[in-house]
Amino acid sequence: RAKAGGGNAIQCTTLTLSEAAFERQQMDAFLGESLVKNEMRIFYQPQFNMEGHIVGMEALLRWQHPVLGAVPPSKFIPLAEENLFIHTLGEWALNNACRQAAIWQALSPRPIKLAVNVSPVQLASPRLVDYVARTLRESRLSHSCLELEITESSLLKNSDPRHTPLHDLKALGVRIGLDDFGTGYSSLSYLQQLPIDTLKIDQAFVRNMHPDRPGVISSNPIVQTIVNLGNNLGLSLVAEGVETQAQKETLHAMGCHSFQGYLMGRPMEAAAMGIHLETQINTAFNALLGPPMQD
Ligand code: C2E
Ligand code: MG
Ligand code: MG
Ligand code: MG
């Protein structure tokens, strides 16, 4: 029985494997054409302070393919890292997001941060510093408004902290954020030696702050510890994946002052983000002008 069944299983596995390999190959080819075919978009997810004001936004890539449909970044980013298309894609995303943010910045009375994800593969390349510098020059975005989000795994790749491009990037005046903080293998000494400005509290921790299933251990002590660490080191903190009012309030009480998540805003197209910003700017101006005059 086991033998007969096993034979089928193997055949089945072989078939599935080659199908997966074919799909990958196809996606690989499609991905290489995605930019020239205008299939990539940048969505923006607003980041809020506890008063509900937009203080920044994160640029997130979206790929809509005519045959494959919407392909999530969790699928195409690893592929792009493997076939090195990430250099072209990452540069394109940075360029586009910075141009867009510069336009919004010109309209806004207070600075709004733009966070852009940078892959470990980009960070390991000597081209990165040059194209960040060029993008800043061409977009005219003020340098301190740009935050490059890197992951802990990027730091492992360059395990000697003196040989990372982070210092050169920092010298350009941009900010550095550590994404998904606490989920990788970061060493606390990195926080001391590297020019990190922001810790992003990973959404896995935020999700389990008030676990809705019995038996799940609350991550509150972990989150409180990250918040204290960040505050003690004078770093900014952004909590990711905030979906409930309870999570937001607990974070606030713990001393974390900004967040992003479905509770207040999903990633959206530039046009929708623009409307949100405009509303906020108008409200701010009206508050400055005071109540409308009576006649
Ligand atoms: P990330 O940088 O940690 O981005 C946060 C992810 O959480 C985004 O997923 C966002 O849509 C999602 N998210 C935000 N709020 C909530 C929430 O309240 N609940 C839940 N469940 N999820 C939330 P997305 O857009 O699918 O991106 C996934 C990852 O792909 C990103 O994780 C980032 O690592 C990578 N990525 C996206 N765009 C780029 C890019 O331009 N360059 C690079 N290198 N990586 C990118
Ligand atoms: Mg990110
Ligand atoms: Mg993250
Ligand atoms: Mg993530």
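The magnesium ion (ligand 3) and the magnesium ion (ligand 2) lie 4.1 Å apart in this predicted model, and D179 coordinates both of them. Around this pair, the donors of ligand 2 include E58 and N117, while those of ligand 3 include D180 and E240. A nonpolar core of 72 residues, the largest in the model, is described after the metal sites.

**Magnesium ion (ligand 2)**

- Four residues coordinate the magnesium ion (ligand 2): E58 through OE, N117 through OD1, E149 through OE and D179 through OD, at 2.0 to 2.3 Å.
- The spacing of these donor residues along the sequence is E-x58-N-x31-E-x29-D.
- E149 belongs to strand β5 (residues 146–151) and D179 to strand β6 (residues 175–181), so the pair ties together parts that are 30 residues apart in sequence.
- E149 and D179 are both buried.

**Magnesium ion (ligand 3)**

- The protein donors of the magnesium ion (ligand 3) are an OD atom of D179, an OD atom of D180 and two OE atoms of E240.
- These donors lie 2.1 to 2.3 Å from the magnesium ion (ligand 3).
- The donor residues of the magnesium ion (ligand 3) follow the sequence spacing D-D-x59-E.

**The bridging residue and its neighbour in sequence**

- D179 bridges the magnesium ion (ligand 2) and the magnesium ion (ligand 3).
- With a relative accessible area of 8%, D179 falls under the 20% limit and is therefore classed as buried.
- D180 has a relative accessibility of 26%, which lies between the 20% and 50% limits, so D180 counts as partly exposed.

**Nonpolar core**

- In the largest nonpolar core, which holds 72 residues, those that touch the most other members are Y44, L114, V132, L146, L169, L199 and I201.
- Helix α3 (residues 86–107) gives the most to this core, contributing 9 residues.
- L169, one of the residues that touch the most other core members, is in contact with L123, L128, V129, V132, L148, V174 and I176, when residues up to four places away in sequence are not counted.

**N282 and S108**

- N282 is located in helix α12, which spans residues 270–289.
- The relative accessibility of N282 is 42%, and N282 is thus partly exposed.
- Although N282 and S108 are 174 residues apart in sequence, their C-alpha atoms are 9.5 Å apart in space.

How values were computed
Residues are numbered from 1 along each chain as its sequence is written. Chains are lettered from A and ligands numbered from 1 in the order in which they are written. This is a predicted model: local features need pLDDT of at least 70, side-chain atom pairs count only at pLDDT 80 or more; totals for chains, interfaces and linings use all residues. Side-chain values use heavy atoms; hydrogens and water are left out. Donors are N, O and S atoms within 2.8 Å of the metal (3.2 Å for Na, K and Ca); water is not among the atoms, so sites may look incomplete. Buried means under 20% relative accessible area, exposed over 50%, partly exposed in between (1.4 Å probe, protein chains only). Helices (H or I, at least four residues) and strands (E, at least two) are DSSP runs, numbered from the N terminus. A nonpolar core is a set of buried Ala, Val, Leu, Ile, Met, Phe, Trp, Tyr and Cys residues joined through side-chain atoms within 4.5 Å. Contact means heavy atoms within 4.5 Å.
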